[in-house]
Amino acid sequence: MKLSILDQSPISSGKTAKDALEESIKLAQIGEQYGYTRYWIAEHHDLPGLACSAPEVMLGTIGARTESIRIGSGAVLLPHYKPYKVAEIHHMLATLFPNRIDIGIGRSPGGPAEASLALSDNFLAQIKKYPESVKELLHFLHNDFPSDHMYSKITASPYPSSPPEPWILGTSKKSAILAAENGTAYAYAHFMSDHGGTDILKGYREQFRAKAKWQKTNAIIAVSVICAETTERAEQVALSGFLWRIQSAKGEKIYGIPTIEEAERYLFTNQEKEIIKEMKSKMIIGNPCEVKEHLLDLQALYKVNEIMILTITHDYEDRNQSYRLIAKEVLNHNRNEEIRDEM
């Protein structure tokens with residue numbers, strides 16, 4: 001099993017956006033050190049507690065401070081932008097960091113309605129054009145518009161020796177089929193919705209249409225995970241994230257991911273306890289052995305070779321430790337399996 005990182009660059013209470021972004025750079029370096037395959041950073045706009053509104057800026061910095069880990073957007077929210085400019089940005093990155101750039105493509109607003117209006121004239125109209133925008137972006141990435149197309153005479157420069165690898169991200173059959181029809185890789189956000197995921201990935205594989213000989217099905221599932229030395233500690237660490245999501249959903253004025261102490265003092269209502277129960281059903285929380293077993297179960301269920309892990313905690317060291325423990329446990333399992341296969 002391959003492991004990868006999805007980072008939303010969370011801001012902890014008492015910390016600044018600069019602190020969060022610097023910790024994201026550190027996380028990518030830790031991921032590379034511990035053998036993670038790729039690091040993706042998400043795009044959000046004016047959402048309390050999340051620092052990254054421009055993944056392309058972060059990727060330039062992270063690429064310069066790492067050597068081998070694949071890096072990418074998770075995702076570029078395409079309805080806000082013109083495909084040509086998106087292709088230029090990621091071609092620049094792929095020129096600077098060859099064979100390392102992924103471009104995740106998504107359609108969500110990534111923030112409040114007012115932010116969508118500020119970013120694009122008519123977000124809903126762009127949503128309707130999303131499938132066409134994806135196709136246009138892929139043509140720019142591969143520099144293969146038909147000769148009679150109006151864009152056939154231009155290139156999203158600089159054109160790299162190895163173009164970025166496109167991924168379509170989503171939680172629905174519609175996004176999976178869009179990936180299949182365009183011959184791209186697909187990332188399923190299990191942490192957002194775990195309903196019907198196996199059927200969604202099955203549909204992706206069955207309807208996949210390669211546009212070139214080198215294209216083949218490739219799928220990732222993204223999962224929310226909190227790992228600690230003990231199950232009790234993992235449950236304790238996770239509580240901060242639960243409180244942050246509940247407060248955000250209620251529209252409360254918050255200043256980042258609360259501390260564990262703040263979360264433990266908070267008096268959750270019965271309704272909020274039910275919300276936490278629902279959130280837990282989409283997560284993996286436990287000690288390294290428990291987390292490994294759950295990840296292996298998900299790998300078998302979804303029939304994927306790679307799992308991308310999202311971890312949000314108040315304390316950045318708790319987050320880094322979670323990724324360290326998971327890598328140590330799962331990569332050791334991988335090595336043991338390889339040895340067993342050779343015997």
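Okay, quick definition to start: when I say two strands pair, I mean DSSP finds at least two bridges between them. With that in hand, β4 and β5 pair up, since they run parallel and 4 bridges join them. One contact to look for there is Gly104, which sits opposite Trp167 in β5. And before I go on, this is a predicted model, so everything I show you is computed from that.

Let's stay with β4 for a moment. That's residues 101-106, and 6 of its 6 residues are buried. Ile101, Ile103 and Ile105 point one way, while Asp102, Gly104 and Gly106 point the other, and every one of them is buried. That's the usual pattern, by the way: side chains in a regular strand alternate between the two faces of the sheet.

So who else does β4 talk to? Strand β3, residues 70-77, runs parallel to β4, with 5 bridges joining the two. If you want a pair to click on, Val76 has Ile105 of β4 as its bridge partner. To get from β3 to β4, the chain goes through helix α3, residues 83-96, and that β-α-β crossover is right-handed.

Okay, next strand: β7, residues 219-227. Here 9 of the 9 residues are buried. On one side you've got Ala219, Ile221, Val223, Val225 and Cys227, and pointing the other way are Ile220, Ala222, Ser224 and Ile226.

Which strands does β7 pair with? Let me go through β6, β8 and β9. Strand β6, residues 185-189, runs parallel to β7 with 4 bridges, and there Tyr188 is partnered with Ile221. Strand β9, residues 306-310, is joined to β7 by 4 bridges, parallel again, with Ser224 opposite Leu310. Then β8, residues 283-286, pairs with β7 in the parallel sense, also over 4 bridges. In that pairing Cys227 stands opposite Gly286.

Since Cys227 has come up, how many disulfides are there? The count is 0. Why does Cys227 not form a bond? Its sulfur is 10.0 Å from the closest cysteine sulfur, the one in Cys289, and that's too far because a disulfide needs the two sulfurs within 2.5 Å. Cys227 is at 3% relative accessibility, so it counts as buried. Cys52 is buried too, also at 3%.

Now the bit I suspect you've been waiting for, pockets. The idea is simple: rolling a probe the size of a water molecule over the atoms shows where empty space is left. The largest pocket holds about 1,300 Å³ of space. It's lined by 49 residues, and the ones nearest its centre are Gln8, His44, Ser108, Phe191 and Met192. Helix α7, residues 173-182, gives the largest share of that lining, with 5 residues. By class, the lining has 28 nonpolar, 13 polar and 8 charged residues.

The second largest pocket has about 320 Å³. There are 18 residues lining it, and closest to the centre are Pro164, Glu165, Pro166, Trp214 and Gln215. Helix α6, 130-142, and strand β5, 165-170, each supply at least two residues of that lining. So β5, the strand we opened with as a parallel partner of β4, turns up again here in the wall of the second largest pocket. The class split for this one is 7 nonpolar, 8 polar and 3 charged.

That's my tour. Happy to pull any of it up on screen.

Notes
Residues are numbered from 1 along each chain as its sequence is written. This is a predicted model: local features need pLDDT of at least 70, side-chain atom pairs count only at pLDDT 80 or more; totals for chains, interfaces and linings use all residues. Side-chain values use heavy atoms; hydrogens and water are left out. On a 1 Å grid over the protein atoms alone, a cavity is a set of points where a 1.4 Å probe fits but cannot get out, and a pocket is an open set with protein on both sides within 12 Å along at least five of seven lines; lining residues have an atom within 4 Å of a point. Grid points are joined across faces, edges and corners, and a volume is the space filled by probe spheres set on the points. Ala, Val, Leu, Ile, Met, Phe, Trp, Tyr, Cys and Pro count as nonpolar, Asp, Glu, Lys and Arg as charged, and the others, Gly among them, as polar. Buried means under 20% relative accessible area, exposed over 50%, partly exposed in between (1.4 Å probe, protein chains only). A crossover is right-handed if, with the strands pointing away from the viewer, the path from the first strand over the helix to the second runs clockwise.
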